[in-house]
There are 2 protein chains.
Amino acid sequence: MAAAETSKLHMQADRPASRRKIAGILAAARAEFFTNGFSATSIEAIAARAEVSKVTVYTWFKDKENLFAEVVQAECAEMRENFVVENLADKNLGDILQIAAQGMLEFLMREEMVRFERILAAEVNRDPKIGEFFLDHGPRTLLGDLTNLLELAVDKGEIVTADVRGSAEMFAGLVMGRMDLFLRYGAKIRLSAQEREQRARRAVDAWMLIHQHNDM
Amino acid sequence: MAAAETSKLHMQADRPASRRKIAGILAAARAEFFTNGFSATSIEAIAARAEVSKVTVYTWFKDKENLFAEVVQAECAEMRENFVVENLADKNLGDILQIAAQGMLEFLMREEMVRFERILAAEVNRDPKIGEFFLDHGPRTLLGDLTNLLELAVDKGEIVTADVRGSAEMFAGLVMGRMDLFLRYGAKIRLSAQEREQRARRAVDAWMLIHQHNDM
DNA sequence: TTTTAATTGTACGGTATCGTACAATTTGTT
DNA sequence: AACAAATTGTACGATACCGTACAATTAAAA
């Protein structure tokens, strides 16, 4: 889980066909790992799904653990790309938070994300670094972005709080409630865009209410 | 995950020594499963830990899946025993919620619970019923208790809310924030009793503030 | 076209696991 | 003491998986 070698550093030749195969293997590995977990996934199944021979998998990836780690890294990278707390300087805090909350709901409720979280946590015992990595590239970053945003708002006097980081966490807690938990255990919750907007609004309103009193 | 046969219904003889062994197997299975997950745990390792022969395991438990299911059931049962939202009729809502919030923090932050949640979610793909079972005997029950409590408070005019269930979820969200997530991925967070009290108070205060306005 | 990298199928050694069979022994009940 | 249930160790068949070796083939690069 250290430096992110895309594979085995064999990339001297760098043929497009190989690149395609490698991508295919990663995709197949993702699907298998995120469905069956690390232990219950076989390299052979991954090779089969990628329509590639087992040897090819081992040509590009050191071993099973390494392949899993690379899949997680790729997933984290995509995470960062697709979910950003934007700092729209021209909008007021309420609107920014509304957008962030909706994005949060949409992003974290995707079946894909739910499956990812289901599997990943279970591997923390086997390899604690994988948990650290995920936290650093996911929740911590996002919470950090949010905290920065709130700090600006505090400076501008839009909100009042003694513990910005805690307030950011409260925001996330208000938006998600226990929904991520329910989803993780298979509850079938589907929110339409409109329902997400409503839920987000409720959380934002509540949060703003809390943070416009100076007795907190 | 249907009817909770304690084992294989062989309990005709019902010897105390056997009961002890069965309990030992369950304890060992719990330890192994919650450390390594379902797939990576071997019946042999369980037998060894329980200081029992493999055959004895199969004497009392049908197979690996069944044993896992029984472990989960036992854990859920213990969960219900150890975490109740008490309806203390003589106290005011704020105090009750304060106690509930502290209990929630203490209960959900235990290393044991964290490990349990880490592993269990990963098995939802393999056996969705296990997720349903956990939800029914854990989160849903607790949230239900909390909802009932709040409904009473609404009737008494202590709080205002259009969506009691949603308010209960908000409460849980405010108390936990993203802490359960961070713990699941290995973040080392330890709260003293005093810190738990503070965090709980902050959440309760915020929640009460939200629910004493009728513009929600 | 030649040369080099990549890929494939098959096979293998090593290991691990599940769940069962069997015969021998211990343990508790009546 | 006599009987039945429970337990144990060992062995077994079946299966699966990891990671590698090897020889043969395909595809791309020079």
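A phosphate oxygen of DNA strand D sits 3.0 Å from a polar backbone atom of A:Ile43, a polar contact in the sense of a pair of N or O atoms within 3.5 Å. Keep in mind that this is a predicted model, where local features need pLDDT of at least 70 and side-chain atom pairs count only at pLDDT 80 or more, while totals for chains, interfaces and linings use all residues. Residues are numbered from 1 along each chain as its sequence is written, and chains are lettered from A in the order in which they are written.

The backbone of A:Thr41 also has an N or O atom facing a phosphate oxygen of strand D, at 3.5 Å. Over on chain B, a backbone N or O atom of B:Ser53 lies 3.0 Å from a phosphate oxygen of the strand.

Now step back to the whole surface around DNA strand D. It's made of 22 residues, and A:Lys54, A:Tyr58, B:Lys21, B:Thr56 and B:Trp60 are the closest; a residue is near the strand if one of its heavy atoms lies within 4 Å of it. Looking from the DNA side, 68% of the strand D atoms within 4 Å of the protein belong to sugar or phosphate, and the rest to bases.

How do the two chains relate? Chain B can be laid on chain A by a turn of 180 degrees and a shift of 0.0 Å along the axis, with an RMSD of 0.0 Å, superposing by least squares on the C-alpha atoms of residues with pLDDT of at least 70 in both. That's the relation of a two-fold axis. In chain B, B:Gly173 has the C-alpha nearest the axis, 2.1 Å from it.

Key: Side-chain values use heavy atoms; hydrogens and water are left out. A polar contact is a pair of N or O atoms within 3.5 Å; within protein, one must be able to donate a hydrogen and the other to accept it, and residues adjacent in sequence count only if both atoms are side-chain atoms.
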